[in-house]
Amino acid sequence: MRTINGSNRYTKEFLLSKLTDYKNEYGKPPSGPDIDKNPNYPNSTTYCRNFGSLSNALKLVGLDFDSMLEKGEAKLDCTFHVGRLGEI
């Protein structure tokens with residue numbers, strides 16, 4: 001774990017890199033429940049505390065749904081995504 005000044009807090013760079021690691025490992029961006037149940041990743045509360053929300057952190061690394069759709073990487077695997085595609 002990377003820390004700030006010897007504390008157990010994660011750096012923002014480390015937190016963002018873990019989101020990319022998750023996508024590389026599982027083939028999709030993490031949801032809050034995905035990372036909360038995985039002990040190898042910081043929990044969603046940590047992302048909320050550092051970035052305002054997990055969604056904000058995902059946007060910073062280009063893993064939010066809209067950014068992925070622009071890159072042609074999105075997989076439409078739920079009703080929400082199908083509905084979002086209809087908005088475009």
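Helices here are DSSP runs of H or I at least four residues long, numbered from the N terminus. With that convention in mind, and remembering that this is a predicted model, the tour can start in a loop.

Select Asp64 first, which you will find in the loop between helix 4 (54-60) and helix 5 (65-70). Asp64 is buried and yet takes part in no salt bridge, since a salt bridge as defined here requires a side-chain nitrogen of Lys or Arg within 4 Å of a carboxyl oxygen of Asp or Glu, and the nearest side chain of opposite charge, that of Lys59, is 5.6 Å away. If you then display what surrounds Asp64, setting aside its neighbours within four places in sequence, the residues in contact with Asp64 are Leu58 and Lys59.

Next, move to Val61, which is placed in the loop between helix 4 and helix 5. Val61 counts as partly exposed because its relative accessible area is 25%. Not counting residues up to four places away in sequence, Val61 touches Leu16, Leu19 and Thr20. Add Ser17 to the selection as well: Val61 and Ser17 are separated by 44 residues in sequence, while their C-alpha atoms are 8.3 Å apart in space.

Where, finally, is a salt bridge to be seen? A search of the whole structure finds 1, and selecting Lys28 together with Asp34 will show a salt bridge whose closest N and O atoms are 2.9 Å apart. Of these two partners, Lys28 is partly exposed, with a relative accessible area of 35%, whereas Asp34 is classed as buried because its relative accessible area is 11%.

Technical notes:
Residues numbered from 1 in each chain as written. Predicted model: local features only at pLDDT ≥ 70, side-chain atom pairs only at ≥ 80, totals over all residues. Heavy atoms only, no water. Helix = DSSP H or I, 4+ residues; strand = E, 2+ residues; numbered from the N terminus. Buried < 20%, exposed > 50% of the residue type's maximum accessible area, 1.4 Å probe, protein only. Lys, Arg positive; Asp, Glu negative; His and termini not counted. Contact = heavy atoms within 4.5 Å.
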